[in-house]
Amino acid sequence: MADDERAPLLESNGHEGREHNSTPAVSDRRLNKIVQQDDEAASIIKSHVSVSEQKMADSAVGERLPYNDYTTIDWLHDLAKDSYRLRSVHGRQGIRYKFLSLLDEASGWVVAALIGILTACVAFLVDVAEATVSDWKLGYCKRNPFMAREACCERRTPIGGPDMQHESDPSHLAQLGVEVGAACPEFSQWSPHRAGQFAAYVGFALAFGLASACVTLSTKRSLPAASPGTGDMDLYHGGPRPMARGKTMFMAAGSGIPEIKAVLSGFEIPYLLDLRVLVVKAIGAVFAVATGMSLGKEGPFVHISTCVGWLVARLFPKYRDNGRKMREMLSAACASGISVAFGAPIGGVLFSYEEISTYFPRKVLWRTFFCSMAGAILLKALNPHGTGKLVLFEAHYGTSYSAIHYLVFVVLGIAGGVFGGLFCKLNFIWSRWFRSFRLIKEHPVLEVFLVVLVTALMQYPNPITRGPGDAIIKHLLVDCKDETSVDSWLCQNEARDSNWPYVGFLIYGTLTKLILTIITFGIKVPSGIIIPSLDAGALFGRLIGQWIGTISPGIFAMVGAAAFLAGVSRMTISLCVIMIELTGELEYVLPHMIAILVAKWVADALGKESVYDLAQTVLGHPFLDGERAVNVVQKQGVLAEELIPPKHTMDEITVMVPPNNKVPRRYLEAKLLQLKSRGLLDAGLVLVQGQGMLQGYIAEGELEFGLDALGPLYPKDCEIRMLGNAEEGEFDISNFVDRTPLSICASAPLEYVVEMFAKLGLRHLMVTQKGTHQLVGVIIKKRLVAYLDQVKH
């Protein structure tokens, strides 16, 4: 054998002595080349795989690349990865490592505090800028053109608060009326004539709308497919689907809440949380709200705060390299957005838990509470509204309600549910119909222009709806028994014996808000649905209060606002708490609870999906709501085998690994091309041996990386190791194979599949045959979401 090992690598050519002497040199060069090749491959992998992932290279779970755009994350894999990180940080002895361990434990609280603080700073800038820009439609402050009308008339500024020398002057309260310039000499209108005032109002509104739309369109991005494509059979009609196509999305448009819900459920949406989107969202929200359109900035604040959370958390490898941990901080960031938008820190926590988050353990609850508190503390200190208080719409009615008023609160709840149900259905129909026109679809700025024009024409004649949304609800909540409100326009009209013109304004305002909110929600500017719903409910509640003279109409306006928002969003506990923090009126907890529950029941009777659920449908994001999904499949009575791909699809995604655990490179390259043609980024190949026994799973992203990044180091006709331990010089991608994929029997109820994806956060699930445990199918999360969407619609 020794002679065989020393045998020459080349044939003898008569110079045997030289050949014999050169053999060790040739072998050394071959060995050095192999070692260099392996080192270079290891270096490439190291540059693309995070440090925490590299610790898992020798485990059965395998390494993973950073998640691709618009793919699902693997919650279980990220849990295992975090466990490896925890052991490496906390498992060492010594003072230094004890200190590092304490820093690691404190990092979550540090990130939460930074998110809350920075979110409050952004909210302060947006609030001050929006108040000033919005009032430019009516005129300007003589002392300082960059002061809002209310701050100018009441001589109060952000941070500094009100001027105590002018606080007792009641003349500033007349700003609620039509004659703003006459009531407040320091605020000058653009023209002394009504026609000039109207022209200025419409002109500024159109300019602000175009500015908001133009900056929003700068965030246009193309996204990959979100549902199964070529090769997948239609689940109902049996024919092949067309190739999955991507879509175009404006990242800063809308409220951002449906997109954030999709992200927190485990999907990666590229560019959604970038710094560019944050800046555009803030600027666009200022100009969009300033137009007077039926929208608010409170929804966009949730998106803005989530952008802040993502940017801050990315500074810490603990969160940057782990999708599961990142979403813990994003949940906290969402709460800070509501906290600074409404001055409702506890309501923000409940909103994140009830409406936004999918994964919300107790540890996340504590940090969310801290993040929300930090934002509220700084916002109160910055004092953007100049009141020195966190309560946005402070009310002091001084009267209580009696048992007979419960009937009125029920009526308000019914009206809120009808409003919410009608709005959700009509807005969905309007979005599908109007935005299907080619002219509107290709020129979204034209839609914004038309909506702004219609809004200005409909709202300007009504003194109640002429201002921005938050000013409308603030004026509608006033108590006319309060001395400081007696001179307001609303109270002067309500004090008249015959106030039918005023009642007409309330009816007109309610209907106007419904119509304008239907055509506005979904246009390509930053826009929220919360303030318009509160406005409509406050208008209707104030209207009802005109015929009930026992208590202040402002109470019914407050309860009506909560009812209408409950009908639209289907929020319950979080909304009740937000309304209490928003108004400071703890006395009216029961009226809020009654109206909110009745509104939700009525709205659910008209349609189970809230406005955010319908927005998910319109936008096409692959969002899995576990509770709703279970309700859907319970009515179907089908098994897991319903989601097994057709045979030719399984043939394409199955790799039969021979006993030597290696497959030809060209074979894998052909498989990768087939995966790409399907249009999904989080599909993959399943590895089997023998009689179809499952051995592992490799995702498309890792397979593509191995072939494209490591491939140039190896020959075109080489074999690639998929399983087992690699030898020196082998093309090895076995470290990217998941040897522990979860599986389920094909005869199991489909409810099992839904629960496993929803509660375990799976990315893929293997389906095996009953009795033999042979692999018969693979289910990915996007396939499940597509199936549920088909069943629902």
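This passage walks through some helix packing, the annotated membrane spans and one internal cavity of a predicted model.

A good place to start is helix α9, which covers residues 257-264. Two packed helices can be described by the angle between their axes and by how far apart those axes are. For α9 and helix α14 (residues 345-356), the axes come within 11 Å and cross at roughly 75 degrees. That angle falls in the range from 65 to 115 degrees, so α9 counts as roughly perpendicular to α14. On the α9 side, the contact is made by I257, I260, K261 and L264. On the α14 side, F351, E355 and I356 take part. Sorted by class, the residues of this contact come out as 5 nonpolar and 2 charged, with no polar ones.

Helix α9 also packs against helix α26, which runs over residues 611-619. Here the axes are 9 Å apart, and the angle is about 80 degrees. That makes α9 roughly perpendicular to α26 as well. The α9 residues that meet α26 are I257, P258, E259, K261 and A262. Their partners in α26 are Y612, D613, A615, Q616 and L619. This contact of α9 with α26 holds 6 nonpolar, 1 polar and 3 charged residues. I257 and K261 turn up in the α14 contact and again in the α26 contact.

Another crossing involves helix α4 (residues 75-90) and α13, the latter spanning residues 323-342. The axes of α4 and α13 come within 7 Å and cross at roughly 95 degrees. The two helices are therefore roughly perpendicular to each other. From α4, the contact draws on W75, L76, D78, L79 and D82, while α13 brings in G323, R324, K325 and R327. By class, the contact of α4 with α13 splits into 3 nonpolar, 1 polar and 5 charged residues.

Turning to the record, an unreviewed UniProt entry places "transmembrane region" features along the chain, among them residues 106-126, 275-295, 329-352, 364-382 and 403-423. Two of these spans can be described a bit further. Residues 275-295 are 76% helix and 0% strand, and the end C-alpha atoms lie 23 Å apart. Over residues 403-423, the chain is 90% helix and 0% strand, with 31 Å between the end C-alpha atoms.

Finally, there is some enclosed space to look at. A search of the whole structure turns up 5 cavities of 30 Å³ or more. The second largest cavity holds about 110 Å³ of space. It is lined by 14 residues, and those closest to its centre are L379, P384, H385, K389 and L390. Two elements, α13 and α15 (362-382), each give two or more residues to this lining. Helix α13 gives the most, with 3 residues. The lining of the second largest cavity breaks down into 8 nonpolar, 4 polar and 2 charged residues. Helix α13 thus appears both in the contact with α4 and in the lining of this cavity.

Conventions. Residues are numbered from 1 along each chain as its sequence is written. This is a predicted model: local features need pLDDT of at least 70, side-chain atom pairs count only at pLDDT 80 or more; totals for chains, interfaces and linings use all residues. Side-chain values use heavy atoms; hydrogens and water are left out. Axes are lines fitted to C-alpha atoms, for helices over the stretch in contact, and angles run from 0 to 180 degrees between N-to-C directions. Helices (H or I, at least four residues) and strands (E, at least two) are DSSP runs, numbered from the N terminus. Angles under 35 degrees count as roughly parallel, over 145 as roughly antiparallel, 65 to 115 as roughly perpendicular and the rest as oblique. Contact means heavy atoms within 4.5 Å. Ala, Val, Leu, Ile, Met, Phe, Trp, Tyr, Cys and Pro count as nonpolar, Asp, Glu, Lys and Arg as charged, and the others, Gly among them, as polar. UniProt positions are given in the numbering used here, feature names are shortened, and annotations may be inferred rather than shown by experiment. On a 1 Å grid over the protein atoms alone, a cavity is a set of points where a 1.4 Å probe fits but cannot get out, and a pocket is an open set with protein on both sides within 12 Å along at least five of seven lines; lining residues have an atom within 4 Å of a point. Grid points are joined across faces, edges and corners, and a volume is the space filled by probe spheres set on the points.
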